[in-house]
Each structure stands twice: as C-alpha cells, then as structure tokens.
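Please open the structure in a viewer and keep the sequence panel visible beside it. The tour below proceeds by selection, one stop at a time.

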Amino acid sequence: MKKFFLLFCTFIPLVASHEMGALLFHGNCVTCHYELESKSAPAIIEVRQRYKDAFPIKKDFVKYLSEWVHSPSAEKSIMQDAIAKYELMPQLAYEKDVLEEIAAYIYDTDFTQTHSYHKTK
Ligand code: HEC
C-alpha cells in the first residue's frame, strides 16, 4: 500500500506537468507556430528539429529555448533564415518557468504523431 501511494505521488505530477506544457503551448504559441505548416512563423516541427540538432540534451534545449523566447534576439537566434523570412519574433512577456514547461513539452512531443493534447472545444 505504501509503495502504491509513493508511486501515485510521483506519477501524478509528471502527468500534470506535461499536460500543463501542452496547454500552455497550444494556448500561446500555436497562433503563430502551427505544428506542421509554416505560415506566419516556422512550423513547430521545424523549430524543434533545429533546436534538437543544436541541443540534443533536453536540459540544454529547454534552457536555450526558454531563455531565447523570454527575450528574443537576432544575435542569439539559431534560425537566422527564419528572421530574414518572417522578422524577429516579438517578445511575449511570459515567466521563465512557464517557458521552461513549454520548452520541455516541445522537446518531448513528436508533432507528426497524434499526441496527448486534445482540443476540448
Ligand atoms: C506573434 C507570433 C508568434 C508567437 C505568438 C510566438 N512566436 Fe515563436 N516565432 C515567431 C516568428 C515570426 C519566428 C521566426 C523568426 C525568429 O526566429 O525570430 C519565431 C521563432 C521562434 C523560435 C526560433 C528562435 C530562433 O532561434 O530564431 C522559437 C524557439 C520560438 N519561436 C518559440 C516560440 C514559443 C515557445 C512560443 C509560445 C510561448 C512562440 N514562439 C510564440 C512568431 C511567434
């Protein structure tokens, strides 16, 4: 019973955190970044691929991406071609920890597959 309780306690926050990242991403980023299609901004699969190539380790990926989104800068961009094409992304004024949740969600999600986010409405 104790074992079960411990398992329960460690499992639930993991799920909740992932769901939170999904909600935050879909609520705040998808207006510009579609999952698979580049329209007014590069598709998130494109951003994800570039960042994964540059930062294969999750910790580095999350750190760089969340810091960049916190204060977008042409100097620190790893997608110069995207800036030339779409102009620099505007600053969005989100908290760092919110952006870290979103970055972790992007790292973990294969957007070409059906994933855990489902529109409720
Ligand atoms: C108002 C539109 C808009 C919104 C909202 C937006 N982005 Fe962007 N984003 C862009 C555009 C345009 C670019 C391409 C130009 C650039 O790289 O600055 C971009 C580029 C990026 C990049 C590539 C950075 C680089 O190295 O150049 C990342 C990472 C990113 N966005 C993450 C996010 C995340 C995460 C969110 C949600 C919190 C978000 N964006 C919301 C427009 C947007």
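**First stop: the ligand and its pocket**

Begin by selecting the ligand, which sits in the largest pocket. The coordinates on display are those of a predicted model. Three elements each give two or more residues to the shell around the ligand: helix H2 (44-54), helix H3 (58-70) and helix H4 (80-86).

Next, select the residues around the ligand; there are 26 of them. Those that come nearest are Cys29, Cys32, His33, Ser77 and Met89. What is the make-up of this shell in terms of nonpolar, polar and charged residues? Colouring by residue type will show 20 nonpolar, 5 polar and 1 charged.

Now display the polar contacts of the ligand.

- Select serine 77: an N or O atom in its side chain is 2.6 Å from an oxygen atom of the ligand.
- Select tyrosine 51: here a polar side-chain atom lies 2.7 Å from a ligand oxygen atom.
- Select methionine 89: in this case the backbone supplies the N or O atom, at 2.9 Å from an oxygen atom of the ligand.

**Second stop: the whole protein**

Return to the full view and switch to a cartoon representation. How many helices and strands does the protein contain? The count is 5 helices and 0 strands, and the pattern read along the sequence is α-α-α-α-α.

If the view is coloured by accessibility, buried residues account for 31% of the 121 residues in the protein. As for contacts between residues at least 6 apart in sequence, 61% of them join residues at least 24 apart. The following stops include particular pairs of residues that are far apart along the chain.

**Third stop: helix H5 and the segment after it**

Select leucine 99, a residue of helix H5. Is this side of the selection buried or exposed, judging by leucine 99? Leucine 99 counts as buried because its relative accessibility is 4%, under the 20% limit. Leaving aside neighbours within four places in sequence, leucine 99 is in contact with Ser66, Val69, His70 and Tyr94. Add leucine 24 to the selection: the two leucines are 75 residues apart in sequence, and their C-alpha atoms are 8.6 Å apart in space.

Continue to tyrosine 107, which also lies in helix H5. Tyrosine 107 has a relative accessibility of 16% and therefore counts as buried. To see its surroundings, select Arg48, Lys52, Phe55, Pro56, Ile57, Lys58 and Phe61, with which tyrosine 107 is in contact once neighbours within four places in sequence are set aside. One of these, proline 56, merits a separate view: the side chain of tyrosine 107 reaches the backbone oxygen of proline 56 at 2.6 Å. Along the chain these two residues are 51 residues apart, while their C-alpha atoms are separated by 9.4 Å.

Then select threonine 109, in the segment after helix H5 (96-108). Threonine 109 is buried, its relative accessible area being 3%. A polar atom of its side chain lies 2.7 Å from the backbone oxygen of tyrosine 105. Not counting residues up to four places away in sequence, threonine 109 touches His18, Arg48 and His115. Arg48 thus appears both here and among the contacts of tyrosine 107.

**Fourth stop: the loop between H3 and H4**

Move to serine 73, placed in the loop between H3 and H4. Which backbone atom does its side chain reach? The side chain of serine 73 reaches the backbone nitrogen of lysine 76, at 3.0 Å. With neighbours within four places in sequence left aside, the contacts of serine 73 are Trp68 and Leu88.

**Fifth stop: the loop between H4 and H5**

Finally, select glutamate 87, which is found in the loop between H4 and H5. Its phi is near 75°, a positive value in a residue other than glycine. Glutamate 87 counts as exposed because its relative accessibility is 64%, over the 50% limit.

In the loop between H4 and H5, also select alanine 93. Alanine 93 has a positive phi of about 60°, although it is not a glycine. With a relative accessible area of 71%, alanine 93 is exposed.

Conventions:
Residues are numbered from 1 along each chain as its sequence is written. This is a predicted model: local features need pLDDT of at least 70, side-chain atom pairs count only at pLDDT 80 or more; totals for chains, interfaces and linings use all residues. Side-chain values use heavy atoms; hydrogens and water are left out. A residue is near a molecule or strand if one of its heavy atoms lies within 4 Å of it. A polar contact is a pair of N or O atoms within 3.5 Å; within protein, one must be able to donate a hydrogen and the other to accept it, and residues adjacent in sequence count only if both atoms are side-chain atoms. On a 1 Å grid over the protein atoms alone, a cavity is a set of points where a 1.4 Å probe fits but cannot get out, and a pocket is an open set with protein on both sides within 12 Å along at least five of seven lines; lining residues have an atom within 4 Å of a point. A molecule sits in a cavity or pocket if more than half of its atoms lie within 2 Å of its grid points. Helices (H or I, at least four residues) and strands (E, at least two) are DSSP runs, numbered from the N terminus. Ala, Val, Leu, Ile, Met, Phe, Trp, Tyr, Cys and Pro count as nonpolar, Asp, Glu, Lys and Arg as charged, and the others, Gly among them, as polar. Buried means under 20% relative accessible area, exposed over 50%, partly exposed in between (1.4 Å probe, protein chains only). Contact means heavy atoms within 4.5 Å.
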